[in-house]
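Dear colleague,

Please find below the structure that I would like to hand over to you. My findings follow it, arranged by topic.

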Amino acid sequence: MNPVLRTFADGAVVAKRNLIKIKRVPDILVWTLMSPIMFVLLFAYVFGSSIDVPGGNYREFLIAGIFAQTVIFGATFTGAGLAEDMQKGVIDRFRSLPMSRSAVLFGRTASDIVTNLLSIGVMAATGLLVGWRVRTSPWEALGGLLLLLVFAYAFSWVMAYVGLLVRSPEVVNNASFMVIFPFTFIANTFVPSENLPSVLRAIAQWNPVSSVVQACRELFGNINPMAAATPDVWSLQHPVLYTLIWSGVIVAVFVPLAVRQYKRSTSH
Amino acid sequence: MIRARGLVKRYGSVTALDGLDLRVPEGRVLGLLGPNGAGKTTAVRIFTTLLVPDAGSAEVAGLDVRTDPQVVRTRIGLSGQYAAVDEHLTGFENLDMVARLYGLGRRRSKARSRELLELFDLADAGHRPVKTYSGGMRRRLDLAAALVAEPSVLFLDEPTTGLDPRSRIDLWGVIRDLVAGGTTLLLTTQYLEEADRLADTIVVIDHGRIIAEGAADELKAQVGGERVELVVGSGSDLAVARTALAELASGDVQVDEHARRLTAPVHGGAGVLMGVLRLLDTAGVVVLDVGLRRPTLDDVFLQLTGHAAEGQADEGQVDEGQAGGPGAGIPTAPHLDGDAPTIRDEEKEAVR
């Protein structure tokens, strides 16, 4: 069989296996469906109610940030799932089979797109309930969601590499918390980046998380026309393009790294 | 069918394999026997393309595992030390997944999975998630997964470690049937009895090197003669009994103080046994149990390495509920009902 087709077919088999697990492991389902609801409600009512943006709607401002943070955290699944398979010897079985050498990773990252789709669906529904509105066309809004998925997909390859490297789901979870929290907070996710002190502001403005969030806000029409103009930084002036460039670079670097790590990894 | 020449594998300063040579002809069973850390699993990992050796060559089915790994993978089946089946999938889903990844089409894959479930007595459990399976059932499923593509060469890495005695004996039956069908098998084990029962040839390794090789009978002959084994009534009798036994023994007397058991090689069979008893009677030693037996692989191991196979109690007591010795590394399965969880489950529980 053609190697590309083979990778695709094997990847589909692996992805199907991962999806069956979502259905059977309550932990995964709860994390996928409940935590996004919790985040939306928490941020909307705790921050959204206490912080007043003159002429603006802080709750709407927050939604894109919550979406982005949640799907980026979703990449933790990719890493933890692979680490668990490694620990349990499942990867050994895969590696002893005449299957495509990259299918386990493509299958894993593909099934995590589904997880993220579920999360986004739940968050969007919860968001609409608490007053979030799309003020552009449905197509633009869909474009925003798609961009979120693309960036989350790219980032899941980073965590795939980390998962294969550390081989322990617990370590992946802790490590990702240490990395993803600052990564998603030093950005315009929950506060306008202009308000940050200078070094942090620079980091925040060039952080791809900021561009994802900025792009979503624009595509959802959640930018308040009364508020200050978008910072005059290329990354935030062209948020969609900047996000796509980052996604491409991450994939170009981490797919080969993760595949190489997979080929040489054994569980014990 | 399987051949290794001068395999070397090091992990940092630890040498796992130190110039291993192996040969398994087609349709034969080689038992690779050794304690934990002897290098058994490392050897299997090299043959199954999971690990690249630092030196030496390995061939499976006439193919070099380093230059042709992907073709080698189509010819082999591997069943690991820990049952590498997905506990959230059903038995059927596990087999179907593996079959698809071997390249079987959708229909053939389903048919083969059903056939294997039937063959391994898992048909009724086939639609339950594996996490509801007993340790023995998981091992059978893992073995079934290794056989999906009807491989000509099979590698079983400690297939019964952690199983309770009854499940172990069941699995031995399954493996014997397979081998009767002409599959070439390399089996690693730290159970001496297992190698004795299943393998045509036994290779004993320790610290990555071969220390003995031959058929079970040849290895036993190497140790020579029969063994007198006796158990005395009190610990204080051990020294006296030892002296008495040494007079008639053809080699060193082994003393297990905890079990108050003495063992010694003898020449001359029943006559010697009588002589031993007479001596002990004169010395006033109370003998609880006495017998003459052929040497076991334990004796072979002791003789060759100067130490017992780690964690291994005496052979031949499987039926009495002894799944593994009290020593390091080997899980003791206290259950006899065939539903004992594997050690792995217990570890997982602890992690949670």
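How much area do chain A and chain B bury between them? In this predicted model, the two chains bury about 2600 Å² between them, and 56% of that area lies on carbon and sulfur atoms.

The interface

Chain A contributes 27 residues to the contact, and chain B contributes 35 residues. Three residues deserve your attention on the side of chain A: Arg24(A), Arg93(A) and Pro98(A) supply 26% of the area that chain A buries against chain B, more than any other three residues. Six salt bridges are found across the interface of chain A and chain B. One salt bridge joins Lys21(A) to Asp86(B), with their closest N and O atoms 3.1 Å apart.

His88(B)

Is His88(B) buried or exposed? With a relative accessible area of 11%, His88(B) is buried, because the cut-off for a buried residue is under 20%. His88(B) sits in the loop between β6 (76-79) and α3 (91-101) of chain B. If its neighbours within four places in sequence are left aside, His88(B) is in contact with Lys21(A), Arg24(A) and Val25(A), as well as with Pro129(B) and Lys131(B). Lys21(A) is thus a residue to look at twice, as it also forms the salt bridge with Asp86(B) described above. You may also wish to locate Val130(B): 42 residues separate it from His88(B) in sequence, while the C-alpha atoms of the two are 6.2 Å apart in space.

Chain B as a whole

Chain B contains 12 helices and 14 strands. Of its 352 residues, 53% count as buried. Among the contacts in chain B between residues at least 6 apart in sequence, 66% join residues at least 24 apart.

A pair of helices

Two packed helices are described by the angle between their axes and the distance between the axes. In chain B, the axes of helix α9 (residues 238-248) and helix α10 (residues 269-283) come within 9 Å and cross at roughly 145 degrees. The crossing of α9(B) and α10(B) is right-handed. On the side of α9(B), the contact is made by Val240(B), Ala241(B), Ala244(B), Leu245(B), Glu247(B) and Leu248(B); α10(B) provides Val272(B), Gly275(B), Val276(B), Leu279(B), Leu280(B) and Ala283(B). By class, 10 of these residues are nonpolar, one is polar and one is charged.

Yours sincerely

How values were computed
Residues are numbered from 1 along each chain as its sequence is written. Chains are lettered from A and ligands numbered from 1 in the order in which they are written. This is a predicted model: local features need pLDDT of at least 70, side-chain atom pairs count only at pLDDT 80 or more; totals for chains, interfaces and linings use all residues. Side-chain values use heavy atoms; hydrogens and water are left out. Axes are lines fitted to C-alpha atoms, for helices over the stretch in contact, and angles run from 0 to 180 degrees between N-to-C directions. Helices (H or I, at least four residues) and strands (E, at least two) are DSSP runs, numbered from the N terminus. A crossing is left-handed if the near helix is turned anticlockwise from the far one by less than a right angle, and right-handed if clockwise. Contact means heavy atoms within 4.5 Å. Ala, Val, Leu, Ile, Met, Phe, Trp, Tyr, Cys and Pro count as nonpolar, Asp, Glu, Lys and Arg as charged, and the others, Gly among them, as polar. Buried means under 20% relative accessible area, exposed over 50%, partly exposed in between (1.4 Å probe, protein chains only). Buried area is the accessible area (1.4 Å probe) that two parts lose on being put together, summed over both. A salt bridge is a side-chain nitrogen of Lys or Arg within 4 Å of a carboxyl oxygen of Asp or Glu.
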